[in-house]
Amino acid sequence: MIRPLPAQHVAQGGFIVHTRGRGFSDITAQVADALGASHVQLGMAHVFTAHTSCSLLLGENADPAVGRDLERWFARAVPDGDPLFEHDAEGPDDMPAHVRSILTGVSLVVPVHGGKLQLGTWQGIYLWEHRLDPHQRKVTVTVLGH
């Protein structure tokens with residue numbers, strides 16, 4: 001049975017991710033730090049990035065081949081320089097980065113219990129940079145709970 005509890009606490013913080021270009025940055029520890037600073041024991045953590053050419057995802061955190069496989073799949077599905085795309089103001093990876101971001105999303109919600117993120121055994125939180133060049137990406141973590 002679920003017992004309703006009012007959300008008595010809201011906290012918000014954030015951090016910057018310095019990407020090395022296209023690829024994954026594991027941000028699980030930074031999100032966990034933001035959660036710890038909130039002192040919320042039971043609730044949810046909302047993770048958001050305010051960018052249109054990177055995304056957030058929950059993914060396999062044990063085998064780096066998973067990220068390489070995802071990159072290869074997206075390279076086939078949304079190739080750089082595809083003549084289909086009109087928008088290329090910042091280069092051949094511009095519109096493909098936007099498509100990749102839209103398909104994978106810019107926010108996540110993770111349950112919190114006992115002051116800890118309730119991730120699965122092999123789950124990590126990643127910022128996925130879709131541009132070829134390095135960028136600075138802002139991530140906001142909003143924690144609601146009790």
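This is a short spoken walk through the sheets, the helix α2, the aromatic rings and the cores of one structure.

Hi everyone, thanks for coming. One thing before we start: what you see above is a predicted model. With that said, let's begin with the sheets.

Which strands make up the five-stranded sheet, and in what order? Reading across, the order is β1-β8-β3-β5-β6, and the sheet is open with antiparallel pairing. At its edges stand β1, residues 9–18, and β6, residues 116–117. Each of those has a single partner strand, so one side of each is left without a neighbour in the sheet.

Let's cross this sheet pair by pair. Starting from β1, ten bridges join β1 to β8, and the two run antiparallel. If you want a spot to look for on screen, find Val-10, which stands opposite Leu-144 in β8. Strand β8 itself covers residues 136–145, and seven of its ten residues are buried, which makes the strand mostly covered.

On we go to β3. This strand pairs with β8 over seven bridges, again in the antiparallel sense. Here the landmark is Val-47, whose bridge partner in β8 is Val-141. Please remember Val-141, as we will meet that residue again in the core.

From β3, residues 42–49, we step to β5, residues 107–113. Seven bridges join these two antiparallel strands. Leu-42 of this pairing stands opposite His-113 in β5.

While we are in this region, have a look at Gln-41. Where is Gln-41 found? This residue sits in the loop between α1 and β3. Its relative accessibility is 42%, so Gln-41 counts as partly exposed. Leaving out residues up to four places away in sequence, Gln-41 touches Val-112, His-113, Gly-114, Gly-115 and His-146. Now compare that with Arg-22: these two are 19 residues apart along the chain, and their C-alpha atoms are separated by 35 Å.

Next, the three-stranded sheet. This one is open too, with the order β2-β7-β4 and antiparallel pairing. Its edge strands are β2 and β4, each of which pairs on one side only. On average, and ignoring direction, neighbouring strands here are turned by 35 degrees against each other. Between β2 and β7 there are four bridges, in the antiparallel sense, and Ser-25 stands opposite Leu-127 in β7.

Those two strands bring us to the aromatic rings. How many aromatic pairs does the structure hold? There are four. One of them is Phe-24 with Trp-128, a stacked pair at 4.6 Å centre to centre and 25 degrees between the planes. The partners come from distant parts of the chain, 104 residues apart, with Phe-24 in β2, residues 23–26, and Trp-128 in β7, residues 123–129.

Are the two rings buried or exposed? Trp-128 has a relative accessibility of 1%, so this residue counts as buried. Phe-24, at 23%, is partly exposed, because buried means under 20%.

Another of the pairs is Trp-73 with Phe-74, and this one is edge-to-face: 5.1 Å centre to centre, with 75 degrees between the planes. Phe-74 has 6% relative accessibility, so it counts as buried. Taken together, ring pairs link Phe-24, Trp-73, Phe-74, Tyr-126 and Trp-128 into a cluster.

Phe-74 also leads us into helix α2. This helix takes in residues 65–77, which is 13 residues, and reaches 18 Å from its first C-alpha to its last, close to the 18 Å expected. Its buried residues include Ala-65, Gly-67, Glu-71 and Phe-74. What do the buried residues of α2 pack against? They pack against β2, β7 and α3, residues 94–104.

Last stop, the nonpolar cores. The largest has 20 residues, and those with the most contacts inside it are Ile-27, Val-31, Val-139 and Val-141. So here is Val-141 again, the bridge partner of Val-47. The elements giving two or more residues to this core are β1, α1, β3, β4, β5, β7 and β8. Ile-27, setting aside its neighbours within four places in sequence, is in contact with Phe-15, Val-17, Leu-56, Ile-125, Tyr-126, Leu-127 and Val-139.

There is also a second, separate core of six residues, among them Leu-57, Phe-74, Val-78 and Val-99. Phe-74 therefore turns up in this core as well as in the ring cluster.

That's my tour. Thank you for listening!

Terms used:
Residues numbered from 1 in each chain as written. Predicted model: local features only at pLDDT ≥ 70, side-chain atom pairs only at ≥ 80, totals over all residues. Heavy atoms only, no water. Pairing = 2+ DSSP bridges. Buried < 20%, exposed > 50% of the residue type's maximum accessible area, 1.4 Å probe, protein only. Phe/Tyr/Trp six-rings, centres within 6.5 Å; stacked < 30°, edge-to-face > 60°. Expected span 1.5 Å × (residues − 1). Contact = heavy atoms within 4.5 Å. Core = buried A, V, L, I, M, F, W, Y, C linked by side-chain atoms within 4.5 Å. Axes fitted to C-alpha atoms, helices over the stretch in contact; angles between N-to-C directions.
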